[in-house]
Each structure stands twice: as C-alpha cells, then as structure tokens.
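Got your viewer ready? Load the model, switch to cartoon view and follow along one selection at a time.

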Amino acid sequence: MNGLLDVALLLPWCCAVAWVCWRQRAILANGVALLPDQCKLAQSVGVRDIGRVRVVVTPQVPVPLPAFAARLARRAGWMRPAIAGMTLGHGIVLRADCADDRRLLAHELTHVAQYERLGVTRFLRQYLREGVWPGYPRGSLEIEAKAAENRDSMGGQDVIPYMPIPSAKTRFDSQV
Ligand SMILES: [Zn+2]
C-alpha cells in the first residue's frame, strides 16, 4: 500500500488514537478514584498503577463517531445499541444504570491492565484487529476480560479458563 491509500488509512487511525488520548485526559481530570474494595479488584486483574485509575459515570457512553454515523452503525448492526462501559487507558466510563455492576468493573479494569501491558497504540491495534477477526467478542483481549469478570463473580475461581484462541465460545456482551 502506498500513496493515497496509506494516507486514507493513517488519518482515521491517528484520529482514533488522538480521541482515546483526549478522552482519557478528560476522565483522569474529572473522574473519581477507585474505592478500597475496587482497588483490590484492580489488583486481582493485574492493574499496576491502581492509583491512576479514574471512573466517570455518564447516562450514555460516548463513541468516537459523529451522531449520524453512530446511528447508521447501530442500524447496520456494527455497533451495539447501548454500550455499558468503555476503557480508555486508565480512564473508565460506565453507563449510569451499570455503575454498580462489579462484573462490568472487573471487565473494564482488565482492559486497563491490557493498556498498561501493551500501551495505547498496540492495545488499539490489537483490539480493532480482533474486532474484525475473529470478531467481537472472540478476540483474546475480550476473552481475558470476560474471564476476569467471571472469575471475580465466582470468588476468584476460573470458571471460564483464559483461552486466547479464536474458536473459544463466549457470550455476546455489551462491553468494550
Ligand atoms: Zn471488553
């Protein structure tokens, strides 16, 4: 690939990275720190810089698309109608009616740990790639987050072993 196609692919990618960094900064500035019990949860899923994590609760989780594009994407089935939570680096956004859902928090904190391990650009590259193949939510990042939420709800026991393989069967959820 070269020339115009490179630019055409590079621009949306740069916009996505910039959007994540911009949103993360806003969440870190305005969000609340984890409670002691939530810190233990963060530790259990492998978050290293627990003190940096901030959580924002909003009526609707924002997406990096203009409103009309988000509507089209939902109609086409490319995006879930209501996203319950989203993680952007050390910033977590939770939809208000899911704010007390500990399983959801375990899921999102696992994504924080993944951001820490991979960095923003590598996480996004892998997450988006896995969204195409093997497809959401069968990618290794989602499977790890799903395993963490199940493990926490079962008192620390793995009920769904972490298997980063495309064919692993997991239920469809509404998290990112
Ligand atoms: Zn997820």
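Here is a short walk through a sheet and two helices. Keep in mind that this is a predicted model.

**Stop one: the sheet.** Select the four strands together: they make an open sheet in the order β1-β2-β4-β3, with mixed pairing. At the edges you'll find β1 and β3 (85–88), each with a single partner strand, so one side of each has no neighbour in the sheet.

**Stop two: β1 against β2.** Pick residues 32–33 for β1 and 54–58 for β2; these two run antiparallel and pair over two bridges. Show Ala33 and you'll see Arg54 of β2 standing opposite.

**Stop three: β2 against β4.** Keep β2 on screen and add β4, residues 91–95: this pairing is parallel, over five bridges. Arg54 turns up here too, now opposite Gly91 in β4. Further along, Val56 has Val93 of β4 as its bridge partner.

**Stop four: α4 over the sheet.** Now select residues 102–118. This is helix α4, lying across β3 and β4 and running at about 20° to β3.

**Stop five: α4 meets α5.** Add residues 120–135 for α5. How do the axes of α4 and α5 cross? They come within 6 Å of each other and cross at roughly 120°, and the crossing is right-handed. For the contact itself, show Gln114, Tyr115 and Leu118 on the α4 side, then Val120, Arg122, Phe123 and Gln126 on the α5 side. Colour this contact by class and you get four nonpolar, two polar and one charged residues.

Methods. Residues numbered from 1 in each chain as written. Predicted model: local features only at pLDDT ≥ 70, side-chain atom pairs only at ≥ 80, totals over all residues. Pairing = 2+ DSSP bridges. Contact = placed C-beta atoms within 7 Å. Axes fitted to C-alpha atoms, helices over the stretch in contact; angles between N-to-C directions. Left-handed = near helix turned anticlockwise from the far one by under 90°. Nonpolar A, V, L, I, M, F, W, Y, C, P; charged D, E, K, R; others polar.
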